[in-house]
Amino acid sequence: MSRLFATSFLARATGLLCLAGFVGIYGAGLPSAMAQTESNGGMTQEESQQYRDCIKLAQLKPEDGFESAIAWRDLGGGEPARHCVAVALISLGKYEEAATRLDALAKDSTAGPGVVAGMLAQAGQAWMMADNLEFAWRDQSRALELVPNNPQLWVDRAMALGLAGQYWEAIDDLNAALDLQPGHTEALIYRASAWRLLESYDLAMTDIEQVLNREPQNVQALFERGKLHQIAGDNDLARQDWLTVIELSNGTPVADAAKANIEKMDVRTESN
């Protein structure tokens, strides 16, 4: 869809992707998800700790985490162990295999709809990282069928639609997210990006300013506003926003994108 969609997805996915599924949908919290699992006759306190340790190892040392998760699964670790295997595969960059395993886990799971929706949402993210937008949309849609009142699920499906160039459909999903949670930061930023790509620049700026009025140092919003300033011919304002992005988040994908935009802008200026 746009550099913003791609960079912001990667930044969020690497940080949150491994926390979906059993941990709860998008940071809902480990205790609540585990309480639901235990109430269904699931993990004991000892097993819950083993799951936490497995996930941590899968994230920090994915090769070791994968071997540990496989061993746990083979010893009867059940769904938590299978999920940990998938998390390790994501950390190893094996997104398609991870997504396939998460799909199977969601199909077989005896957990409640919120936890299963988390598995499907995580599978959808893995499919996006594997550049399979069709399967990402499929799993995100399945997750929404289970938990239609979760705004983050609408945002994630909008990202897949946007990356596929279906901007109006993405806006529909982002509107749904904002109906559920007015002022949802990601929804506003992604909708602004979609409006920009549809050349509705005033609507894009309205969404971005709504975010920056509350969060003046939101780097995704600053990046997007820089694009809008550049389109309007205000290169100095664009540069200012992108320099702020770099200062606040140097070394991140969005900062790298800001640097690239400044370099391109400078090349155009020199050529003129």
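**Figure 1. Salt bridges in the predicted model, with the contact between Glu97 and Arg101 as a first view.** In this predicted model, a total of 13 salt bridges is found. One of them joins Glu97 to Arg101, with 3.2 Å between the closest N and O atoms. Both residues belong to helix α6, which spans residues 95-108, and because they are 4 residues apart there, about one helical turn separates Glu97 from Arg101. Glu97 is partly exposed at a relative accessibility of 35%, and Arg101 is likewise partly exposed, its relative accessible area being 30%.

**Figure 2. The salt bridge between Arg196 and Glu224.** Here the side chains of Arg196 and Glu224 come together with an N to O distance of 2.4 Å. This pair connects distant parts of the chain, since Arg196 sits in helix α11 (residues 185-197) and Glu224 in helix α13 (residues 219-231), with their positions 28 residues apart in the numbering. Arg196 and Glu224 are both buried.

**Figure 3. The salt bridge between Asp266 and Arg239.** The closest N and O atoms of Asp266 and Arg239 are 2.6 Å apart. Because Asp266 lies in helix α15 (residues 253-271) and Arg239 in helix α14 (residues 235-249), the contact ties together parts of the chain that are 27 residues apart in sequence. Asp266 has a relative accessible area of 26% and is therefore classed as partly exposed, and Arg239, with a relative accessible area of 27%, is also partly exposed.

**Figure 4. A salt-bridge network and a charge over a ring.** Asp103, Arg138, Asp139 and Arg142 are joined into one network by salt bridges that share partners. Arg138, a member of this network, also lies over the face of Phe135, at 4.3 Å from the ring centre.

**Figure 5. The disulfide between Cys54 and Cys84.** A search of the whole structure finds 1 disulfide, which joins Cys54 to Cys84 with an S to S distance of 2.0 Å. The angle about the S-S bond is -105°, and the link of Cys54 and Cys84 is left-handed. Distant parts of the chain are linked by this pair, with Cys54 in helix α3 (residues 45-60) and Cys84 in helix α5 (residues 78-91), 30 residues apart. Both Cys54 and Cys84 are buried.

**Figure 6. Aromatic pairs between helices, seen at Trp168 with Trp195 and at Phe223 with Trp242.** The structure contains 3 aromatic pairs, among them that of Trp168 and Trp195, which is edge-to-face, with 5.7 Å from centre to centre and 85° between the planes. Trp168 lies in helix α10 and Trp195 in helix α11, so that, at 27 residues apart, the two link distant parts of the chain. Trp195 has a relative accessible area of 13% and is buried, because buried means under 20%. A further pair, formed by Phe223 and Trp242, is tilted, with a centre to centre distance of 6.4 Å and 45° between the planes. Since Phe223 is in helix α13 and Trp242 in helix α14, this pair ties together parts that are 19 residues apart in sequence, and both Phe223 and Trp242 are buried.

**Figure 7. Pro182 in the loop between α10 and α11.** Pro182 occupies the loop between α10 (167-180) and α11, where, at 68% relative accessibility, Pro182 counts as exposed. Pro151 is 31 residues from Pro182 along the chain, and the C-alpha atoms of Pro182 and Pro151 are separated by 9.7 Å.

Terms used. Residues numbered from 1 in each chain as written. Predicted model: local features only at pLDDT ≥ 70, side-chain atom pairs only at ≥ 80, totals over all residues. Heavy atoms only, no water. Disulfide = S-S within 2.5 Å. Buried < 20%, exposed > 50% of the residue type's maximum accessible area, 1.4 Å probe, protein only. Salt bridge = Lys/Arg side-chain N within 4 Å of Asp/Glu carboxyl O. Phe/Tyr/Trp six-rings, centres within 6.5 Å; stacked < 30°, edge-to-face > 60°. Lys NZ or Arg CZ within 6 Å of the ring centre and 35° of its normal.
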